[in-house]
Amino acid sequence: MTTVPSASDDTVPSASDRAVPGASVTGVPALHVDEIRLRFGGVVALDGPSFSIEPGHIVGLIGPNGAGKTTLFNCISRLYQPDSGRITFGDTDLLSLTADGVADVGIARTFQNIGLFPTMTVVDNVLTGAYSRTRAGFVRTALGLPSSRTEERRERAEAWALLDSMNLAHVGREPAGNLPYGTLKRVELARALMQRPKLLMLDEPANGLIHEEVLELAETVRALRDERGFSVLLVEHHMAMVMSISDRVVVLNFGQKVTEGEPSEVAAHPEVVEAYLGGAA
Ligand SMILES: Nc1ncnc2c1ncn2[C@@H]1O[C@H](COP(=O)(O)OP(=O)(O)OP(=O)(O)O)[C@@H](O)[C@H]1O
């Protein structure tokens, strides 16, 4: 493990602070998606798929271009309102919440096109992930109250420890805009993890990465899930990544669920073989 940098504005994490990022997430509820339908004009984007993510499971969502993966992802993260159906997270009806409300119940997401602030340092970008769970703290920070300074020190220590555990501490003080794409993808993941999510939603995290980076990312996601116990929804075209880290895989096509199961079962399904191997197997 690398040494966490220290500077006047950055607190070296104490042993107790450093324990925070490894702390398991408690009370992770199941996500249930139930017969979701959504049309865009004449296009049926989602035609009633249902599936669940059990607490602590990694679920891969796959399917050909236009299958409805992103639309479903956006319904769960509340960027889209489905025409009908239900989505629940434990006792919470997600469809009654806004996108901010979804973050408040412990759902964090990454974006296909990285949404970091290029002129801010990596550690400050990661810290922005904390603000969605400490909105009140944000107000105190603006007012400069002492409790907020303690809180900010703790958050900063947590951000450094998170970067350290993801082998990113050495770039913590670099402006994000200076870094290669593969590193930024990992920084974006760190920012989502600063929310201490119960469900982490990853939108094509392997897109644009070289093979070694994909394997490293897959290993990181799995290790963090094992350590903390959050659930993961992974929308991804990179089959090797999906099949290697998912507990279950859900396959969509034309807005409908084709099949779901463990990776080995799904990989043997005729429509999956047809779609991904061109019927060669
Ligand atoms: N905002 C939109 N307006 C109109 N049609 C849309 C919109 N978003 C998606 N669609 C259509 O809905 C269908 C499902 O698209 P979606 O992007 O969810 O598929 P996808 O499985 O994520 O595809 P890809 O793998 O290419 O990202 C497609 O026919 C798409 O053209």
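This passage describes the shell around the ligand, two helices and one loop residue in a predicted model. Residues are numbered from 1 along each chain as its sequence is written. Because the model is predicted, local features need pLDDT of at least 70 and side-chain atom pairs count only at pLDDT 80 or more, while totals for chains, interfaces and linings use all residues.

The ligand is surrounded by Phe 40, Val 43, Ala 45, Gly 63, Asn 65, Gly 66, Ala 67, Gly 68, Lys 69, Thr 70 and Thr 71. A residue counts as near a molecule if its C-beta atom, placed from the backbone, lies within 6 Å of it. By class, four shell residues are nonpolar, six polar and one charged. Here Ala, Val, Leu, Ile, Met, Phe, Trp, Tyr, Cys and Pro are nonpolar, Asp, Glu, Lys and Arg charged, and the others, Gly among them, polar. Strand S2 (43–47) and helix H2 (69–76) each supply at least two shell residues. H2 gives the largest share, three residues. Helices (H or I, at least four residues) and strands (E, at least two) are DSSP runs, numbered from the N terminus.

H2 is largely enclosed by the rest of the structure, because six of its eight residues are buried. Buried means 20 or more other C-beta atoms within 10 Å of a residue's own, exposed 12 or fewer, and partly exposed in between, with C-beta atoms placed from the backbone. The buried set in H2 is Lys 69, Thr 71, Leu 72, Phe 73, Cys 75 and Ile 76. Just after H2, Arg 78 has a positive phi of about 70°.

Helix H4 (residues 122–131) is mostly covered, with seven of its 10 residues buried. His 237 sits in the loop between strand S9 (231–235) and helix H9 (239–245). With 15 other C-beta atoms within 10 Å, His 237 is partly exposed.
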